[in-house]
Amino acid sequence: IALSAGEFYSMALAAGHRPWRAGGLALALLLAAPAGLVAIWPWIGAGAGGAPPGLLGEAPLLLAGAGLLVTLVWSGLRRPPPGTDPLAPWVDVGLTLGGALYTGGILQYGLLLNQAPGEVWWILLVVLGTAAADSGAYFAGRAWGKRKLIPHISPNKTWAGFWGGLALCVLAVAAFAGPMHMAPWHVPLLGAAIGLSSVVGDLCESLLKRSFGAKDSGHLIPGHGGLLDRLDSIFFVLLVVYAYMRLIYIY
């Protein structure tokens, strides 16, 4: 979370914006802290019927509100450079909060998934399902890709790649159906959910880099870019799989 948030703020600063890097990093970690504490010490989250107690369950929302308040005060107290756009402070506030929510706010669902029954299978499903979606998109796009998906955001993505990724993702979920004792009707639904959220995550990070004028989010992984470049597809898959597990699959 800290590395991902650091890359986000580094891109924003390089693009000429002035987000509050230290405050954003702290907020990103604090947003995931409740889920992390329960993951380490499960008894902390043992409320009525196994539900987290009220304060712990509301902590991310309270932290986001407190983060907004503190960031607004921070922005108001800073002296803007001469000739600064009057809206620039609001852009910086939005980038500070957005970076924290995008990293800590979403990656916390990896910790929450790790607390569900059959947690190892859910985590593997996220990682391998996302890999299947990316691989299917790559090979189908190279073989049959002609019509571009959203060229102004990601010029290499095609509709053939989109459908190929979706199909392979459904097959990957089907491979998990037996070990996870999953009802057959979950396979196409969950496969489509993972495939779609993988594409959305990838496109969102591409849009982010284009907005900041960056080719890669960082240089952490030689030949691949930064951590955000590697996790982009997984971000929204974590969120969607957790929501599916709690609202549709229901444990």
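# Exercises on a predicted helical model

Residues 24 or more positions apart account for 69% of the contacts in the protein chain with a separation of 6 or more, a contact being heavy atoms within 4.5 Å. The structure is a predicted model, in which local features need pLDDT of at least 70 and side-chain atom pairs count only at pLDDT 80 or more, while totals for chains, interfaces and linings use all residues. Residues are numbered from 1 along each chain as its sequence is written, and side-chain values use heavy atoms, with hydrogens and water left out.

## Exercise 1. Architecture and dimensions

Determine the secondary structure of the protein chain and the order of its elements, then compare its radius of gyration with that of a compact globule.

*Solution.*

Step 1. The protein chain contains 8 helices and 2 strands; these are DSSP runs numbered from the N terminus, with helices being H or I of at least four residues and strands E of at least two.

Step 2. Read from the N terminus, the order is α-α-α-α-α-β-β-α-α-α.

Step 3. For 251 residues, a compact globule would have a radius of gyration near 18 Å, and the 20 Å of the protein chain agrees with this. The radius is taken over C-alpha atoms, and the globule rule is 2.2 Å times the number of residues to the power 0.38.

Step 4. The C-alpha trace spans about 60 × 55 × 30 Å along its principal axes.

Step 5. The exposed surface of the protein chain is about 13,100 Å², of which carbon and sulfur atoms supply 71%; areas come from the Shrake-Rupley method with a 1.4 Å probe, and for residues only the protein chains shown count as cover.

## Exercise 2. The nonpolar cores

Identify the residues with the most contacts inside the largest nonpolar core, and state which helices each supply at least two residues of this core.

*Solution.*

Step 1. Buried residues make up 43% of the 251 residues, where buried means under 20% relative accessible area, exposed over 50%, and partly exposed in between (1.4 Å probe, protein chains only).

Step 2. A nonpolar core is a set of buried Ala, Val, Leu, Ile, Met, Phe, Trp, Tyr and Cys residues joined through side-chain atoms within 4.5 Å. The largest one has 45 residues, and those with the most contacts inside it are Phe 8, Tyr 102, Leu 113, Trp 122, Leu 125, Leu 190 and Ile 194.

Step 3. At least two residues of this core come from each of α1 (2-14), α2 (21-40), α4 (88-113), α5 (119-144), α6 (159-177), α7 (186-212) and α8 (227-249).

Step 4. Apart from this core lies another, of 6 residues, including Leu 149, Phe 162, Leu 166 and Leu 203.

Step 5. Leu 125 illustrates the packing: beyond its neighbours within four places in sequence, Leu 125 is in contact with Thr 130, Val 173, Phe 176, Met 180, Leu 190 and Ile 194.

## Exercise 3. Salt bridges

Which residues do shared salt-bridge partners join into one network?

*Solution.*

Step 1. A salt bridge is a side-chain nitrogen of Lys or Arg within 4 Å of a carboxyl oxygen of Asp or Glu, and the count comes to 3.

Step 2. Asp 202 pairs with Lys 157, the closest N and O atoms being 2.7 Å apart. Asp 202 lies in helix α7 and Lys 157 in strand β2 (residues 154-158), so the pair ties together parts 45 residues apart in sequence. Asp 202 is buried, with a relative accessible area of 15%.

Step 3. Lys 209 forms a salt bridge with Glu 205, with the closest N and O atoms 3.6 Å apart. Both lie in helix α7, 4 residues apart, about one turn of the helix.

Step 4. Lys 209 also meets Asp 229 in a salt bridge (2.9 Å, N to O). Because Lys 209 lies in helix α7 and Asp 229 in helix α8, the pair ties together parts 20 residues apart in sequence.

Step 5. The network therefore consists of Glu 205, Lys 209 and Asp 229, joined by salt bridges that share partners.## Exercise 4. Cysteines and selected residues

Is Cys 169 buried or exposed, and where is Thr 71 found?

*Solution.*

Step 1. With a disulfide defined as a pair of cysteine sulfur atoms within 2.5 Å, the count comes to 0. Cys 169 is in no disulfide, and the nearest cysteine sulfur, that of Cys 204, is 17 Å away.

Step 2. Cys 169 has 0% relative accessibility and counts as buried, whereas Cys 204, at 32%, counts as partly exposed.

Step 3. Thr 71 is found in helix α3 (residues 54-77) and counts as buried at 3% relative accessibility. Leaving aside neighbours within four places in sequence, Thr 71 is in contact with Trp 20, Val 93, Thr 96 and Leu 97.

Step 4. Pro 222 is found in the loop between α7 and α8 and counts as exposed at 73% relative accessibility.
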